[in-house]
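Reader: I am new to this structure and would be grateful for a close look at a single part of it. Please begin with one loop residue and then place that residue in its wider setting.

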Amino acid sequence: LFLGGGVKPGRVIGKTDDTCSKVIDVGWNYKEQIMKDHDTSTIYSALGIDYSKKIVDTPSGRAYEYQQTAPLGGPAFIPLAEIEPLFT
């Protein structure tokens with residue numbers, strides 16, 4: 001559920017079957033369901049933050065990515081994208 005911040009009201013993205021147990025249409029340009037990383041990218045985008053940026057100079061010495069593109073145990077690739085249909 002998204003509201004405010006430039007989100008167009010009254011939009012439903014995607015479709016499920018009659019029992020709501022299976023996704024029929026994911027509702028955006030990619031062939032996979034929207035994941036939490038896409039929610040985060042959408043929020044960053046609405047705030048004007050470049051979610052594709054990778055910060056390498058952190059106090060811990062480890063790089064930080066706003067959106068992970070290959071999480072452990074997840075799909076081999078998550079598209080680096082915001083949920084664009086929320087705003088169009």
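Author: Cys20 counts as exposed because its relative accessibility is 59%, where exposed means over 50% relative accessible area, buried under 20%, and partly exposed in between (1.4 Å probe, protein chains only). This residue is found in the loop between strand 1 and strand 2. Its phi is near 60°, a positive value in a residue other than glycine.

The model is a predicted one, in which local features need pLDDT of at least 70 and side-chain atom pairs count only at pLDDT 80 or more, while totals for chains, interfaces and linings use all residues. Residues are numbered from 1 along each chain as its sequence is written, and side-chain values use heavy atoms, with hydrogens and water left out.

The two strands that flank the loop of Cys20 also take part in the largest pocket: strand 1 (15–16) and strand 2 (23–25) each supply at least two residues of its lining. That pocket holds about 390 Å³ of space. Of its 20 lining residues, Val12, Ile13, Gly14, Ile34 and Leu86 are the closest to the centre. A pocket here is an open set of points on a 1 Å grid over the protein atoms alone, where a 1.4 Å probe fits, with protein on both sides within 12 Å along at least five of seven lines; lining residues have an atom within 4 Å of a point. Grid points are joined across faces, edges and corners, and the volume is the space filled by probe spheres set on the points. By type, the lining comprises 11 nonpolar, 4 polar and 5 charged residues; Ala, Val, Leu, Ile, Met, Phe, Trp, Tyr, Cys and Pro count as nonpolar, Asp, Glu, Lys and Arg as charged, and the others, Gly among them, as polar.

In the chain as a whole there are 1 helix and 4 strands, arranged along the sequence as β-β-α-β-β. Helices (H or I, at least four residues) and strands (E, at least two) are DSSP runs, numbered from the N terminus. Leu47 lies in the loop between helix 1 (36–46) and strand 3 (54–55), and this leucine is exposed because its relative accessible area is 63%.

Ala81 offers a contrasting case. This alanine is found in the segment after strand 4 (64–65) and is buried, because its relative accessible area is 6%. Ala81 and Thr42 are 39 residues apart in sequence and 7.8 Å apart in space, C-alpha to C-alpha. Of the 88 residues in the protein, 23% are buried.
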